[in-house]
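Biologist: I'd like to learn how to read a model like this one. Could you walk me through it, starting from one side chain?

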Amino acid sequence: MAARILASVIVMGSTIIDASRSGVAHEAAQNLKRGSRGILSELEAREILGVTEKSSWEEVLKKYDTLFERNAQNGSFYLQSKVHRAKECLETAYQNTKTSA
């Protein structure tokens with residue numbers, strides 16, 4: 001029984017170390033600060049994609065495609081997911097702007 005608990009602790013510890021190396025721990029800490037899980041603010045999304053409030057939706061998509069593909073080639077799933085979440089956030093913002101206009 002004690003051996004099983006010790007093995008679980010060792011496995012859990014190595015998982016935490018791997019997560020902190022990959023940036024997952026940093027993202028989780030940021031999510032806790034925000035008070036919600038995985039939701040970006042519109043400002044953060046714009047910073048990630050490098051667009052302004054005046055950028056058209058086509059410009060946002062062009063930046064998204066470029067950054068997503070660049071990170072796909074370099075093998076950074078973490079950055080790819082941040083870029084994707086940023087696009088999703090702005091997509092909602094642009095849809096809300098379109099319907100209220």
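Modeller: Sure, let's start with a polar contact, meaning a pair of N or O atoms within 3.5 Å; within protein, one must be able to donate a hydrogen and the other to accept it, and residues adjacent in sequence count only if both atoms are side-chain atoms. Here, the side chain of serine 55 reaches the backbone nitrogen of threonine 52 at 3.0 Å. Before you lean on that, note that this is a predicted model, where local features need pLDDT of at least 70, side-chain atom pairs count only at pLDDT 80 or more, and totals for chains, interfaces and linings use all residues. Residues are numbered from 1 along each chain as its sequence is written, and side-chain values use heavy atoms, with hydrogens and water left out.

Biologist: Where does serine 55 lie?

Modeller: Helices and strands are DSSP runs, numbered from the N terminus; a helix is H or I with at least four residues, a strand is E with at least two. Serine 55 sits in the loop between helix H3 (42-49) and helix H4 (57-74).

Biologist: And is serine 55 buried or exposed?

Modeller: Buried means under 20% relative accessible area, exposed over 50%, and partly exposed in between, with a 1.4 Å probe and protein chains only. Serine 55 has a relative accessible area of 10%, so it counts as buried. For its neighbours, contact means heavy atoms within 4.5 Å. Leaving aside residues up to four places away in sequence, serine 55 touches Val60 and Tyr94.

Biologist: Let me zoom out. How many helices and strands does the protein chain have?

Modeller: There are 5 helices and 0 strands, so to speak a pattern of α-α-α-α-α when you read along the sequence. The protein chain has 101 residues, and 23% of them count as buried. Its accessible surface, from the Shrake-Rupley method with a 1.4 Å probe, comes to about 7500 Å², with 59% belonging to carbon and sulfur atoms.

Biologist: How do I read two helices packed together?

Modeller: Two packed helices are described by the angle between their axes and the distance between the axes. The axes are lines fitted to C-alpha atoms, for helices over the stretch in contact, and angles run from 0 to 180 degrees between N-to-C directions. Take H4 and helix H5 (residues 77-100): their axes come within 9 Å and cross at roughly 165 degrees.

Biologist: What do you call the arrangement of H4 and H5?

Modeller: Angles under 35 degrees count as roughly parallel, over 145 as roughly antiparallel, 65 to 115 as roughly perpendicular and the rest as oblique. H4 and H5 are therefore roughly antiparallel. On the H4 side the contact includes Trp57, Val60, Leu61 and Asn71, and on the H5 side Leu79, Gln80, Val83 and Tyr94 are among the residues taking part.

Biologist: What about H3 and H5?

Modeller: H3 and H5 pack at about 125 degrees with their axes 8 Å apart, and they are therefore oblique to each other. The contact includes Ala45, Ile48 and Leu49 of H3, with Val83, Leu90 and Tyr94 among the H5 residues.

Biologist: Back to single residues. Is asparagine 71 buried or exposed?

Modeller: Asparagine 71, found in helix H4, counts as buried at 12% relative accessibility. Beyond four places away in sequence, asparagine 71 touches Ser76, Leu79, Gln80 and Val83.

Biologist: And what does arginine 70 look like by that yardstick?

Modeller: Arginine 70 is also in helix H4, but it is partly exposed, with a relative accessible area of 46%. Arginine 70 and glutamine 80 are 10 residues apart in sequence and 8.6 Å apart in space, C-alpha to C-alpha.

Biologist: Which residues does glutamate 59 touch?

Modeller: Glutamate 59 touches Val51 and Lys54, again not counting residues up to four places away in sequence. Glutamate 59 lies in helix H4 and is partly exposed at 41%.

Biologist: What about pairs much further along the chain?

Modeller: Try isoleucine 39, in the loop between helix H2 (24-34) and H3. Isoleucine 39 is exposed, with a relative accessible area of 52%. Isoleucine 39 and glutamate 88 are 49 residues apart along the chain, yet their C-alpha atoms are separated by 9.8 Å. Glutamate 88 is in helix H5 and is partly exposed at 39%.
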